[in-house]
Amino acid sequence: MVAHNASFDMSFIEENCRRLSIPCDKTAVDTVAMARVLLPALNRFKLDTVAKAVGVPLGHHHRAVDDAGCTAEIFEKFLGMLRKQDITTLAELNELGHSSKDQIKKLPTYHAIILAANEVGRTNLYRLVSWSHIDYYNRHPRIPKSVLEQYREGLLLGSACEAGELYRALVRGASAPEVARLVEFYDYLEIQPLGNNMFMTREDYEDRKTVEELQDLNRRIVELGEQYHKPVVATCDVHFLDPQDEIYRRIIMGSRGFKDSDEQAPLYLRTTEEMLKEFTYLGEEKAYEVVVTNTNKIADMCERISPVRPDKCPPVIENSDQILRNLCYEKAHEIYGEELPPIVSERLERELNSIISNGFAVMYIIAQKLVWKSNADGYLVGSRGSVGSSFVATMSGITEVNPLSPHYICPNCHYSDFDSEEVKKYAGMAGCDMPDKICPNCGTKLKKEGFDIPFETFLGFKGNKEPDIDLNFSGEYQSKAHKYTEVIFGAGQTFRAGTIGTLADKTAFGYVKNYYEERNIHKRNCEIDRIVQGCVGVRRTTGQHPGGIIVLPIGDEIYSFTPVQHPANDMTTDIVTTHFDYHSIDHNLLKLDILGHDDPTMIRMLQDLTGLDPKEIPLDDPGVMSLFTSTEALGITPDDIGGVPLGSLGIPEFGTEFAMQMLIDTKPKYFSDLVRIAGLAHGTDVWLGNAQTLIQEGKATISTAICTRDDIMIYLISKGMDSELSFTIMESVRKGKGLKPEWEEEMIAHDVPDWYIWSCKKIKYMFPKAHAAAYVMMAWRIAYCKINYPQAYYAAYFSIRASGFDYELMCLGKEKLLYHMADFEKRMDTLSKKEQDTYKDMKSVLEMYARGMNFVPIDIYKAQATRFQIVGNDIMPSLSSISGLGDKAAASIVDACKDGPFLSKDDFMTRAKVGKTMTDLLVDLKILDGLPETNQLSIFDMME
């Protein structure tokens with residue numbers, strides 16, 4: 001028997017043969033299934049679509065005789081196609097059908113319930129979930145029954161709802177052998193309340209049912225359970241908890257375009273009594289069996305397991321403890337000499353013992369390998385978080401921040417000074433704040449080191465706080481750093497940290513508002529707010545952490561921890577993320593934060609343009625320090641740059657209006673002041689309405705106000721409080737959890753001022769000092785280049801940090817720039833985000849003009865795609881600085897220029913793949929000046 005969608009046609013033939021007692025043991029060939037194998041380019045496999053694809057005429061579609069004739073001709077065409085592949089038997093045809101994942105993606109799907117009964121089942125479940133998202137995803141995850149059968153150990157399969165394979169087969173009247181085959185596949189069968197399937201009784205339903213027929217379908221499933229000894233379980237198919245919660249699902253489905261969103265089935269969690277009432281038509285005894293007895297039976301088949309493993313599984317690097325110890329001592333001896341100063345050896349040994357005894361050495365070695373690789377490739381790495389509090393991190397090369405107290409060290413004879421009276425004056429500050437000094441032993445200029453950051457900020461006084469080593473790599477190097485983790489651990493051992501995007505307040509508000517407006521229903525604001533809160537937090541999509549890498553220990557399978565998938569189910573990417581949000585498994589697996597940042601990229605570009613080693617830039621340059629209090633070092637006045645009073649415009653951390661106002665209020669004198677200001681700027685409720693008020697009222701100064709989390713612990717210990725309690729208070733305050741009454745009493749007992757306690761209670765989040773120090777070190781180097789290498793600075797800034805640069809507004813002279821700035825200033829309250837970014841960049845351009853530099857016009861053959869270039873004393877903008885010309889289009893133009901001069905505008909558009917509108921703009925900007933319209937030469941051109 002040959003048919004198109006054979007299972008449907010054969011079900012009628014088999015049923016009628018059964019009624020007439022006629023044997024019907026026919027082999028059936030389905031041309032739909034054959035089409036999926038032989039015509040994989042098709043997305044639909046309806047008879048007319050397939051007929052058109054193979055060139056078979058279909059006279060009157062849906063007329064039985066025409067459809068049958070068409071099917072026969074399609075079958076003949078398919079036989080010819082199979083012969084070319086040397087396929088001559090049905091067994092070979094079936095084997096061909098199993099060969100392609102793409103074919104599986106186009107098969108019809110059914111729902112099933114898969115329960116993990118034990119740890120083996122949990123791992124198999126995660127394996128199936130992973131493959132359903134990675135290998136077989138097509139609009140929704142799917143898994144072939146053959147694969148499910150292969151990894152069935154530890155799993156229990158339920159027949160699911162009306163979208164399940166068994167229920168669908170019963171609805172279409174499948175033959176008894178087919179139904180028997182389906183029943184045998186499942187471990188238990190499911191029936192559900194009639195309300196779940198009432199949509200099948202609607203007039204617009206294709207095969208409309210009555211309530212009695214729905215009851216009969218459930219009765220039939222119960223009979224099948226008895227016949228084949230399968231437990232039948234009554235389930236709710238729960239989509240929300242309480243009946244009134246259906247409004248949330250209604251609104252979310254409406255926002256996604258479901259036309260029947262207002263026809264919500266009662267998919268709420270019913271009580272035992274409600275379920276018994278639902279199934280009274282089965283009789284009291286049978287209702288109790290499916291609602292109570294069998295549900296408990298299935299539950300008893302499942303062991304008590306957790307969705308995530310409880311154990312910690314860090315990666316292993318052989319001899320990491322000794323490697324870390326050796327690295328640290330080699331560096332320490334290199335800097336501090338053969339005989340280490342006691343403060344150095346004691347701090348190093350205390351940290352190493354803490355790190356190694358708690359099993360954290362491997363994390364340090366991983367970070368060290370990544371940083372050293374980046375440095376070897378020419379990119380500095382900035383440390384984030386509190387890792388700079390660790391002297392071991394400094395000595396192993398993970399961070400540049402030296403957390404020891406300020407001190408002098410001789411690079412020649414290794415003389416050091418940690419505890420002279422002169423040095424002790426700078427406790428709590430930075431080594432670079434101290435005056436220059438000559439070595440008393442050999443006359444060499446001493447180096448000035450130290451930021452005075454306690455190790456306990458990082459790992460706690462017991463040293464058992466989980467270290468979080470976050471690193472800022474150059475944005476253009478980040479992907480290479482991610483790839484390098486595979487070199488360290490091996491292919492298949494690293495995964496991107498997955499995230500789950502949920503419905504936010506504003507989006508939910510829009511959904512609710514639109515829902516009621518479309519239906520002309522008025523709701524009070526309080527009711528809308530209530531419904532919004534019910535929608536907030538619902539999963540919308542999946543994604544990936546911007547720099548998080550999850551590391552799997554060798555010997556373990558990722559499926560024993562979490563399923564995996566592509567971010568947002570994007571089947572075009574090779575990125576694989578954890579299916580669970582990474583927070584769910586960060587107690588199991590190590591997460592590396594390999595983040596991208598502009599500062600290392602900008603410093604690398606400055607190094608390329610100037611040849612200056614950024615590590616050699618002095619951190620005590622008075623000219624750089626002056627940028628944070630005036631414009632004098634730039635050789636201009638505030639009037640030259642629209643009244644901007646400082647020279648910190650464009651400097652990371654200090655270039656925004658908010659940051660500059662902080663600088664004006666605090667009047668920094670030392671590098672350490674800048675570190676404190678950076679801490680204030682990155683905290684929440686630390687400056688505004690807190691430290692700013694205290695400084696204005698004269699109760700505190702920039703030196704005494706709480707600026708970073710470390711300040712709290714150090715200050716409380718200095719007041720004589722217990723160190724462990726001081727650490728606990730710091731941790732609570734920095735997370736915005738405030739102070740417990742007993743802590744306040746203890747603080748008062750140790751003469752902690754009222755204003756200090758008040759400040760602690762206001763704080764919502766605090767920045768670590770080590771992180772602030774690392775940021776300021778990067779910013780200082782950029783500021784140094786701004787003074788001493790202005791062309792390089794502006795070329796790098798406009799290339800990397802200028803997010804709103806516009807060639808037409810900024811590069812055609814100072815007068816035009818001032819005209820556009822005046823226009824923006826008139827509209828300041830209504831500027832879009834993009835216009836605000838443009839105005840910010842205009843200020844830096846005005847500063848550049850004021851310092852005597854200009855832009856040269858873009859030369860189409862010399863300009864780079866995304867990088868500005870130094871041309872003499874001036875700068876040539878990048879092609880991407882032209883509004884509307886993206887990075888890809890700019891790169892395409894650069895590639896086209898490599899093939900020689902353009903003959904005409906038509907030639908330019910063809911070779912550079914640029915549209916007419918952009919070409920006309922380039923002509924207006926005189927960038928394509930002189931090019932004829934076409935390659936054709938006219939007689940008038942020759943006469944000229």
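Here is a walk through some of the open and enclosed spaces in this structure and three of its helix pairs. Keep in mind as you look around that the model is predicted.

Let's start with the second largest pocket, whose volume comes to about 1200 Å³. Its lining is made up of 41 residues, and those closest to the centre are E400, K447, E449, K615 and R781. Several elements each give two or more residues to this lining: helix 15 (320-336), helix 17 (361-376), helix 18 (391-395), strand 10 (447-449) and helix 33 (769-788). Helix 15 supplies the largest share of the pocket lining, with six residues. Sort the lining by class and you get 19 nonpolar, nine polar and 13 charged residues.

Two of those pocket-lining helices, 15 and 17, also pack against each other, so to speak, at an angle of about 55°, and their axes are 8 Å apart. That angle makes helix 15 oblique to helix 17, since only angles under 35 degrees would count as roughly parallel and the roughly perpendicular range runs from 65 to 115. The crossing of helix 15 past helix 17 is left-handed. If you want to find the contact on screen, pick out S320, D321, I323, L324 and L327 on the helix 15 side, which meet A361, V362, Y364, I365, Q368 and W372 on the helix 17 side. By class, this contact has eight nonpolar residues, two polar ones and one charged one.

Now for the enclosed spaces. The structure has five cavities of 30 Å³ or more, and the largest of them has a volume of about 50 Å³. Around the largest cavity you'll find I603, L606, Q607, T610, L612, P614, I617, R781, I782 and C785. The elements that give two or more residues here are helix 24 (598-610) and helix 33. Helix 24 gives the most to this lining, with four residues. Seven of the lining residues are nonpolar, two are polar and one is charged.

The second largest cavity holds about 40 Å³ of space. Its lining consists of V381, G382, S383, T399, E400, V401, A774, M777, M778 and R781. Strand 7 (382-384) and helix 33 are the elements that give two or more residues to this lining. The largest share, four residues, comes from helix 33. By class, the lining of the second largest cavity has five nonpolar, three polar and two charged residues.

R781 is a handy residue to click on here. It belongs to the group closest to the centre of the second largest pocket, it lines the largest cavity, and it lines the second largest cavity too. E400 is another one to look at: this residue is also in the group closest to the pocket centre, and it turns up in the lining of the second largest cavity.

Moving along the chain, look at helix 34 (residues 790-800) and helix 37 (residues 833-850). The axes of this pair come within 11 Å and cross at roughly 165°. That makes helix 34 roughly antiparallel to helix 37, because an angle over 145 degrees falls in that class. Helix 34 makes a left-handed crossing as it passes helix 37. Helix 34 brings Y794, Y797 and F798 to the contact, where they meet K840, D841, S844, V845, E847 and M848 of helix 37. The residues of this contact split into five nonpolar, one polar and three charged.

The last stop is helix 39 (residues 905-912) with helix 40 (residues 916-924). These two pack at an angle of about 125°, and their axes are 10 Å apart. So helix 39 is oblique to helix 40. The crossing of helix 39 past helix 40 is right-handed. K905, F908 and M909 in helix 39 are the residues to highlight, along with K916, T919, L922 and V923, which they meet in helix 40. Four of the residues in this contact are nonpolar, one is polar and two are charged.

Notes. Residues are numbered from 1 along each chain as its sequence is written. This is a predicted model: local features need pLDDT of at least 70, side-chain atom pairs count only at pLDDT 80 or more; totals for chains, interfaces and linings use all residues. Side-chain values use heavy atoms; hydrogens and water are left out. Axes are lines fitted to C-alpha atoms, for helices over the stretch in contact, and angles run from 0 to 180 degrees between N-to-C directions. A crossing is left-handed if the near helix is turned anticlockwise from the far one by less than a right angle, and right-handed if clockwise. Contact means heavy atoms within 4.5 Å. Ala, Val, Leu, Ile, Met, Phe, Trp, Tyr, Cys and Pro count as nonpolar, Asp, Glu, Lys and Arg as charged, and the others, Gly among them, as polar. On a 1 Å grid over the protein atoms alone, a cavity is a set of points where a 1.4 Å probe fits but cannot get out, and a pocket is an open set with protein on both sides within 12 Å along at least five of seven lines; lining residues have an atom within 4 Å of a point. Grid points are joined across faces, edges and corners, and a volume is the space filled by probe spheres set on the points.
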